[in-house]
Amino acid sequence: QCDYEADACVKYMVEELENKGWIGIELDYEEGRSPVITRVVPGSPAETAGLQAGDVLMAFDGVPYATASEKELKTVKKAMVPGKEARLTLGRDGEEIVVSVTLGNIPPALMAQWIGGHFLERHRHQFETAAAEDPE
């Protein structure tokens, strides 16, 4: 469950997501391994930078995924803001390459999807409780 009431949660999430940089990739995570890009969103900063499905994300702004602590990765991700250039170290076809990506804004439809998913997972109880208390 989320610690915020529904209206406060929406406000908080919108404020956080409006200031968060977006690359436009989907990743597959396996325990103890670097994530693999499974999809590059068409029209995204990732597509513009030339990222490809199958690329292995080895490091983000110099922080290696395979050995990084959760705290290190959280610090790097917090610095992701629209307009910032991020340097991704990728494994592709047995080689290591470095790609710079200028982070964009999260598209509104994607932001709505994330917020909606959060509500389904974390706030459903608030709505179910309210409906049970007020059957009209």
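**Close-up views of a predicted model**

**Figure 1. Asp-55 and its polar partners.** In this predicted model, the side chains of Asp-55 and Arg-92 form a polar contact at 2.7 Å. A second partner of the Asp-55 side chain is the backbone nitrogen of Gln-52, which lies at 2.9 Å. Asp-55 belongs to the loop that joins helix 2 (45-49) to strand 4 (56-60). Is Asp-55 buried or exposed? Its relative accessibility is 1%, so Asp-55 counts as buried. When residues up to four places away in sequence are set aside, Asp-55 touches Pro-35, Val-36 and Ile-37, together with Leu-90, Gly-91 and Arg-92. Arg-92 thus appears both in this list of neighbours and as the side-chain partner at 2.7 Å.

**Figure 2. Ser-44 beside Gly-24.** Ser-44 is placed in the loop between strand 3 (36-40) and helix 2. Because its relative accessibility is 0%, Ser-44 counts as buried. Which residues does Ser-44 contact, leaving aside its neighbours within four places in sequence? They are Trp-22, Ile-23 and Gly-24. Ser-44 and Gly-24 are separated by 20 residues in sequence, while their C-alpha atoms are 5.1 Å apart in space. A polar atom of the Ser-44 side chain lies 3.5 Å from the backbone oxygen of Gly-24.

**Figure 3. Ser-34 in the loop before strand 3.** Ser-34 lies in the loop that runs between strand 2 (25-28) and strand 3. With a relative accessibility of 18%, Ser-34 counts as buried, because the cut-off for that class is under 20%. Residues up to four places away in sequence not being counted, Ser-34 touches Val-56, Leu-57 and Met-58, as well as Tyr-65 and Ala-66.

**Figure 4. Glu-85 in strand 6, with Ser-100 and Asp-61.** Glu-85 is located in strand 6. Its relative accessible area is 47%, so Glu-85 is partly exposed. The side chain of Glu-85 forms a polar contact of 3.4 Å with the side chain of Ser-100. Ser-100 is also one of the residues in contact with Glu-85 once neighbours within four places in sequence are left aside; the others are Asp-61, Val-101 and Thr-102. Between Glu-85 and Asp-61 there are 24 positions of sequence separation and a C-alpha to C-alpha distance of 9.2 Å.

**Figure 5. Backbone of Asp-61 and Asp-93.** Most residues other than glycine have a negative phi. What is the sign of phi in Asp-61? The value is positive, near 50°, in a residue other than glycine. Asp-61 sits in the loop between strand 4 and strand 5 (63-64). At 29% relative accessibility, Asp-61 is classed as partly exposed. Asp-93 likewise has a positive phi, of about 50°, although it is not a glycine. Asp-93 is found in the loop between strand 6 (85-92) and strand 7 (95-102). Asp-93 counts as exposed because its relative accessibility is 75%.

**Figure 6. Packing of helix 1 on helix 4.** Helix 1 (residues 6-18) and helix 4 (residues 108-122) pack with their axes 11 Å apart and at an angle of about 145°. The crossing of the two helices is right-handed. Which residues of helix 1 meet helix 4? Ala-6, Cys-9, Val-10, Met-13, Val-14, Leu-17 and Glu-18 do so, and their counterparts in helix 4 are Met-111, Trp-114, Ile-115, His-118 and Phe-119. By class, the residues of this contact comprise 10 nonpolar, one polar and one charged.

**Figure 7. The protein as the setting for the close-ups.** The protein contains five helices and eight strands. In order from the N terminus, its elements follow the pattern α-β-β-β-α-β-β-α-β-β-β-α-α. Of its 136 residues, 35% count as buried. The accessible surface of the protein is about 8,900 Å², and 51% of that area belongs to carbon and sulfur atoms. Among contacts with a separation of 6 or more, 51% are between residues 24 or more positions apart.

How values were computed: Residues numbered from 1 in each chain as written. Predicted model: local features only at pLDDT ≥ 70, side-chain atom pairs only at ≥ 80, totals over all residues. Heavy atoms only, no water. Axes fitted to C-alpha atoms, helices over the stretch in contact; angles between N-to-C directions. Helix = DSSP H or I, 4+ residues; strand = E, 2+ residues; numbered from the N terminus. Left-handed = near helix turned anticlockwise from the far one by under 90°. Contact = heavy atoms within 4.5 Å. Nonpolar A, V, L, I, M, F, W, Y, C, P; charged D, E, K, R; others polar. Buried < 20%, exposed > 50% of the residue type's maximum accessible area, 1.4 Å probe, protein only. Areas by Shrake-Rupley, 256 points an atom, 1.4 Å probe, with all protein chains shown as cover. Polar contact = N/O pair within 3.5 Å; in protein donor to acceptor, adjacent residues only side chain to side chain.
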